[in-house]
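Subject: Structure handover: charged and aromatic side chains

Hello,

Here is the structure we talked about. Please open it alongside this note; my findings follow below.

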Amino acid sequence: MQSERISFAFLIFKSSYISMLSRRHIRVKVMQSIYAMHQHQAENLDKEEKFLFQSIENMHDLYLLMLSALIEVREKEEEYLELASKKYLATKEERNPNKKFVNNKVLKLLETSHSLNSTIDDRSITNWKRNDDIILFLLDAIKESASYKAYMSTQDREATFDEDKEFITTLFTDIIAPNERLYDYLEEHKLTWLDDLPAVNTLILKQLKQLRVTDEDFTISKLYKDLDDKEYVKSLFRKTVLNEVELSKEYIDKTPNWDTERIAELDTIILKMAICELLKFPSIPVKVTINEYLEIAKEYSTPKSSIFINGILDNLVKDFQKENRLSKAGRGLL
């Protein structure tokens, strides 16, 4: 069902600051890039690496686009109220409208945020200016919701910042993030955004919940946690691609019950990446590598892939340990 494909889990984070990219998301991006290389039989490594980093940069654009949707729905409602009040035969309600929504303190903070709006301008995020029908559709969905009606029914008093924040987080969770028409637009505009959307929505919700009445600006989340993560993208991609033949030899004799020619191509890529990480990334624990790639296999490959990959990696780790090939730095990394 479409409603199921657009649902997302909201994650719990321990720190007040989070980066947009997790290591798992990086692994998925690298996996997809290698798969695309295979499909197109591409050989220009520099070009494909550039495409990989561009797909990651696009994730930041999606983040800005979703935030700008909040700004745009407020602006559209403000425009509507202003035009309605100037009608020749304006009603009493139109001349003196309920402005609680357009005066929402969280929406106003986003609208006046210098860091957010300057970044949106720098990245040329103008999608909603060119597709305001999506914003109008979202606005209608918002105004028809029970949460909006309940919020607006208390117009006789000004809401506190926390009340405004609670309303906006509910709005984002229940109306904007799972909106099917918005999802369809994102899918048509940039296919890679579909994998990025859950992480982006989770991050935005986290940031909205962290806002305080004393905040004077909205902090833009960084794409990478640190330079090590950005280097990890390049290293994992290049070390896997440049050593594909050698990496495939590691598991080729460990699949006696599987027809090598019929192993899903995505499974071979996941195996090569996992083996590469086991042998060439000493700071990443063995258990982390195995668990991460099993989860990726469950989500992106065939139903039996994780069982197959788990069996191969388990045997390989035992062999690597016997042969002293697992060089992991630090305690507990095996």
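A salt bridge here is a side-chain nitrogen of Lys or Arg within 4 Å of a carboxyl oxygen of Asp or Glu. Please bear in mind that the model is predicted. Searching the whole structure gives 25 salt bridges.

**Salt bridges within helices**

Start with helix α3, residues 45-85. Arg74 and Glu78 both belong to this helix. They are 4 residues apart, about one turn. Their side chains form a salt bridge, with 2.7 Å from N to O. How buried or exposed are the two partners? Arg74 is buried, at 1% relative accessibility. Glu78 is partly exposed, at 33%. The cut-off for buried is under 20% relative accessible area, so Arg74 falls in that class at 1%, whereas Glu78 does not at 33%.

The helix holds another such pair. Lys76 bridges to Glu79, and their closest N and O atoms are 3.9 Å apart. That value counts because the limit is 4 Å. Here the spacing is 3 residues in α3, again about one helical turn. Glu79 is partly exposed, with 43% relative accessibility.

Now go to helix α17, residues 305-322. Lys318 pairs with Asp314 in a salt bridge, with 3.5 Å between the closest N and O atoms. The two residues are 4 apart in the helix, about one turn. Both ends have some exposure: Lys318 is partly exposed at 44%, and Asp314 is partly exposed at 38%.

There is also a network. Arg24, Arg27, Glu277 and Glu292 are joined into one by salt bridges that share partners.

**Aromatic pairs**

The count of aromatic pairs is 5. Two of them are worth a look on screen.

Phe101 and Tyr148 pair edge-to-face. Their centres are 5.8 Å apart, and the planes meet at 70°. Planes over 60 degrees apart count as edge-to-face, so the 70° angle puts this pair in that class. Which parts of the chain does the pair tie together? Phe101 lies in the loop between α4 (92-95) and α5 (105-112), while Tyr148 lies in helix α9 (residues 146-152). The pair therefore ties together parts that are 47 residues apart in sequence. Both rings belong to buried residues: Phe101 has a relative accessible area of 1%, and Tyr148 has 8%.

Tyr232 and Phe281 also pair edge-to-face, at 5.7 Å centre to centre and 80° between the planes. This pair links distant parts of the chain, 49 residues apart. Tyr232 is in helix α13 (residues 227-242). Phe281 is in the loop between α15 (265-280) and α16 (286-300). Tyr232 is buried at 3% relative accessible area, and Phe281 is buried at 9%.

Phe101 and Tyr148 also belong to an aromatic cluster, together with Tyr151 and Phe167.

**Charges over rings**

Two lysines lead back to these aromatic groups. The charged end of Lys100 sits over the ring of Tyr151, one of the cluster residues. The distance from the Tyr151 ring centre is 4.7 Å. Lys239 lies over the face of Phe281, at 4.8 Å from the ring centre. Phe281 is the residue that pairs with Tyr232.

Best wishes

Notes: Residues are numbered from 1 along each chain as its sequence is written. Side-chain values use heavy atoms; hydrogens and water are left out. Buried means under 20% relative accessible area, exposed over 50%, partly exposed in between (1.4 Å probe, protein chains only). Rings of Phe, Tyr and Trp (its six-membered ring) pair if their centres lie within 6.5 Å; planes under 30 degrees apart count as stacked, over 60 as edge-to-face and the rest as tilted. A charge sits over a ring if NZ of Lys or CZ of Arg is within 6 Å of the ring centre and within 35 degrees of the ring normal.
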